[in-house]
Amino acid sequence: MSAKLTRMRLGEGRNNSKTDWERVDKLSDRQIARTITNDTDTFDPGADWIKKASMPKPAHSKERLTVRFDADMVDWFKRQGRGYQTRMNAILRAYFEHVRK
């Protein structure tokens with residue numbers, strides 16, 4: 001499968017989008033929540049899921065790579081103190097283990 005990716009900044013491309021943004025902007029929080037709930041792709045990990053995100057010593061070798069995360073998410077993790085990348089990895093691993101089953 002081939003996909004065309006376009007790099008743009010937040011907010012760019014909204015005018016070229018196929019999304020009816022006027023309709024989306026008029027949705028209430030309740031309507032948005034109902035839409036999310038009815039979406040078959042929505043992942044609800046449940047309350048116990050995050051408790052399983054532990055920070056054990058790595059059993060697997062780690063790989064250095066460059067990724068892009070939303071700035072507010074990175075700031076939030078950094079405010080939690082040292083080891084924020086390890087915590088991010090633990091959460092990704094918990095999701096991976098959950099979905100893999």
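**A nonpolar patch and the two sides of helix H4**

Leu 65, Val 67, Phe 69 and Met 73 make a nonpolar surface patch of about 360 Å². The structure is a predicted model, so the confidence scores come before further detail. The mean pLDDT of the protein is 82, and 86% of the residues reach at least 70. Among the helices, H3 (residues 71–79) has the highest confidence, with a mean of 92, and H1 (residues 21–26) has the lowest, with a mean of 87. Where pLDDT is low, the coordinates should not be read in detail.

Of the patch residues, Met 73 belongs to helix H3. Its relative accessibility is 32%, so Met 73 is classed as partly exposed. Patch membership requires over 30% relative accessible area, and the 32% of Met 73 is given on that scale.

The next element to follow is helix H4, which covers residues 84–100. H4 contains 17 residues and spans 24 Å from its first C-alpha to its last, close to the 24 Å expected at 1.5 Å a residue. Four residues of H4 are buried, namely Arg 87, Met 88, Ala 90 and Ala 94. These residues lie on the same side of H4, because they cover an arc of only 160° around the axis. Gln 85, Leu 92 and Arg 100 are exposed on the other side of the helix.

Helix H4 also carries salt bridges. The count for the model comes to two. In one, the side chains of Arg 93 and Glu 97 meet at 3.2 Å, N to O. Both residues are in H4 and stand four residues apart, about one turn of the helix. In the other, Glu 97 meets Arg 100 at 2.7 Å, N to O. This pair is also within H4, three residues apart, again about one turn. Glu 97 takes part in both contacts, and Arg 93, Glu 97 and Arg 100 are thereby linked in a network of salt bridges.

The members of this network can also be placed by their accessibility. Buried means under 20% relative accessible area and exposed means over 50%, with partly exposed in between. Glu 97 has a relative accessible area of 25%, so it is partly exposed. Arg 93, at 33% relative accessibility, is therefore partly exposed as well. Arg 100 is at 55% and so counts as exposed; it is one of the residues on the side of H4 away from the buried set.

Terms used: Residues are numbered from 1 along each chain as its sequence is written. This is a predicted model: local features need pLDDT of at least 70, side-chain atom pairs count only at pLDDT 80 or more; totals for chains, interfaces and linings use all residues. Side-chain values use heavy atoms; hydrogens and water are left out. pLDDT is the predictor's confidence in each residue, from 0 to 100. Helices (H or I, at least four residues) and strands (E, at least two) are DSSP runs, numbered from the N terminus. Patches are made of residues with over 30% relative accessible area and no salt bridge: like charges are joined within 9 Å, nonpolar side chains (Val, Leu, Ile, Met, Phe, Trp, Tyr) within 5 Å. Accessible areas come from the Shrake-Rupley method with a 1.4 Å probe; for residues, only the protein chains shown count as cover. A salt bridge is a side-chain nitrogen of Lys or Arg within 4 Å of a carboxyl oxygen of Asp or Glu. Buried means under 20% relative accessible area, exposed over 50%, partly exposed in between (1.4 Å probe, protein chains only). The expected span of a helix is 1.5 Å times one less than its number of residues. The arc is that of the directions from the helix axis to the C-beta atoms.
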